[in-house]
Amino acid sequence: MKLKINRRLIFRFFAVLVAVCCAFSSMLFSAPVVSADQELEDLQNQYDDLQKKIEKNQKELQAVQGDISDAKTKINALNSEISSINSQIGILDSRIGLLNSKINTIEAGIQQTNSDIAEIESNIEIVDTQINETQFLMQDTREQLMGRLRENYMTGDASTIEMLLSSKDLSSYFTRKELMTRVSESDAQLIKELEVKIDALNTLEEKLNEDKQALNEKNAQLEEQKTDLESSKADESASRQEQQSKKSAVSSKQMEAQSLLNSLDKESAEYKATIKRQRQEQEQLSKQIDEYIKAHGSSTGDTPDASYENDGKMAWPVKFQSYVSCAYGRYSDGSPHWGMDICAVGGNSRGRAFNAAQGGKVILAVNDGNWNYGFGNYCVIDHGDGKQTLYAHSDNIQVYVGQVVKKGQQIGIIGATGNVTGPHLHFEVRVKNSDGSVSRVNPAYYVTNTTA
Ligand SMILES: [Zn+2]
């Protein structure tokens, strides 16, 4: 019987096998029942069309991922620039603070100096007035004395006396003694008064000189303080300007980073939408495979062809030491995962053989290296009892549609085609129920890891 089956029948004959006796089977099965080849070709064409779109999406995704990575690098660089500028602003802040307190101190000093100067100037004014009064009084006393001396003692050396009286040395001992021996008691009294006035004048003039010197010193101090104030104010204003320009630099850098973040968010949203769309496309493929199984697969309750040597117990699809990297159920992003992912312990999965979990016939084999909704290269084996197994992401599918394979027979090598982050075998079990519906079931119900 095996020899007489043509490729058009490979998916359909199990359903009717039980009902037909062996004597008529070869005649009946050689007649064309359904155009399975045409359906397969149509399906492959749809795959190819969709695959082109997906490849385009993949390229866009790669560009987006590149942009995201660039944006993150830029944001990191901007953030470190911002924090360095902010620390410069902090330094300028404390410099401005110091300069302001220095300016305050200088200004208080200037105020003090100005009030000192005002006090000295008023002192000088007072002393000036006192000097003027004293000089006026002296002049009066001197004139009185001169008149008297001219009247009473014109003895020839009056010019000497006059000279002595005008002299500031009147109080010197010898001058005084000389005069006292020559004048009357009342005149001596006048001379004493003059002496006192001359002393007072000397003291006042001395004080005036001291005050003028103090005034000069204070004025010099004031000039110094004003110069200091000017330079401190210029320094403070330059610091403020520098700080202002740094602040505007920070704000423009923050705006730049913000706009990058905004575009990053947008791109990230687009990225997520694309991922979602691709998962939906994968789901669509799974449904199409279900449709294909509905049309061509065996149903639960069917008796497998003897050539399949179906022993009713599936084997683990690899023979090397392996583990399940992602179980049936959900991907980490929450979307459904209809199979189990099997990897080699130690990470060297790529290039290693995978095998038929059960004997059966190959009903789908795609080895074009394309995306194929994320499966990459993959094949489906119908085991004749309503169960089908699917093997995906292969670097090379080594069977062809219609080929009968034995349980444990090598059917391909593990690769990283389609939607993968690394090489692994994606393994699925589907069951075509007796009502024709297809269930994608947990492979763990059928296979046990015998290599662990
Ligand atoms: Zn998987």
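Visitor: Let's start with lysine 319: is it buried, exposed or partly exposed?

Guide: Lysine 319 counts as partly exposed because 15 other C-beta atoms lie within 10 Å, and 20 or more would be needed for buried. Keep in mind that this is a predicted model.

Visitor: Where is lysine 319 found, and which residues is it in contact with?

Guide: Lysine 319 sits in the loop between helix 6 and strand 1. Setting aside neighbours within four places in sequence, its contacts are Asn355 and Thr451. There's also a longer-range pair to look at: lysine 319 and glutamine 410 are 91 residues apart in sequence, yet their C-alpha atoms are 9.9 Å apart in space.

Visitor: How much of the contact map comes from residues 24 or more positions apart?

Guide: Such pairs make up 75% of the contacts in the protein with a separation of 6 or more. Leucine 261 offers another pair to inspect: its C-alpha is 8.3 Å from that of lysine 72, with the two positions 189 residues apart along the chain. Leucine 261 lies in helix 6, residues 185-296, and is partly exposed because it has 13 other C-beta atoms within 10 Å.

Visitor: How should I treat the confidence scores, and which residues stay under a pLDDT of 50?

Guide: The general idea is that where pLDDT is low, the predicted coordinates should not be read in detail. Here the protein averages a pLDDT of 80, and 78% of the residues score at least 70. Over residues 1-35 pLDDT stays under 50, and the model has 42 contacts beyond four places in sequence for that stretch.

Visitor: On to backbone angles. What sign should I expect for phi?

Guide: Most residues other than glycine have a negative phi. Two residues to check here are glutamate 309, with a positive phi of about 55° although it is not a glycine, and histidine 393, whose phi is positive and near 70°.

Visitor: Where do glutamate 309 and histidine 393 sit, and are they buried or partly exposed?

Guide: Glutamate 309 is in the loop between helix 6 and strand 1, and counts as partly exposed because it has 14 C-beta neighbours inside 10 Å. Histidine 393 is in strand 8 and counts as buried because it has 25 such neighbours inside 10 Å.

Visitor: Now the nonpolar core. Which residues have the most contacts inside the largest one?

Guide: As a rule, in soluble globular proteins, nonpolar side chains tend to be buried together. The largest nonpolar core in this model has 39 residues, and Tyr378, Cys379 and Tyr391 have the most contacts inside it. Helix 6 and several strands, including strand 4, strand 8 and strand 11, each supply at least two residues of this core. Strand 6 gives the most, with five residues. As for cysteine 379, the residues it touches beyond four places in sequence include Val362, Leu364, Tyr391 and Ile411.

Visitor: Last one: which way do the side chains of strand 12 point?

Guide: In a regular strand the side chains alternate between the two faces of the sheet. Along strand 12, residues 438-441, Val438 and Arg440 point to one face and are buried, while Ser439 and Val441 point to the other and are not. Strand 12 runs antiparallel to strand 11, and four bridges join them. Arginine 430 stands opposite arginine 440. The two strands form a hairpin with five residues between them, and glycine 436 in the turn has a positive phi of about 95°.

Note on methods
Residues numbered from 1 in each chain as written. Buried ≥ 20, exposed ≤ 12 C-beta atoms within 10 Å, placed from the backbone. Pairing = 2+ DSSP bridges. Contact = placed C-beta atoms within 7 Å. Core = buried A, V, L, I, M, F, W, Y, C linked by C-beta atoms within 7 Å. pLDDT = per-residue confidence, 0-100.
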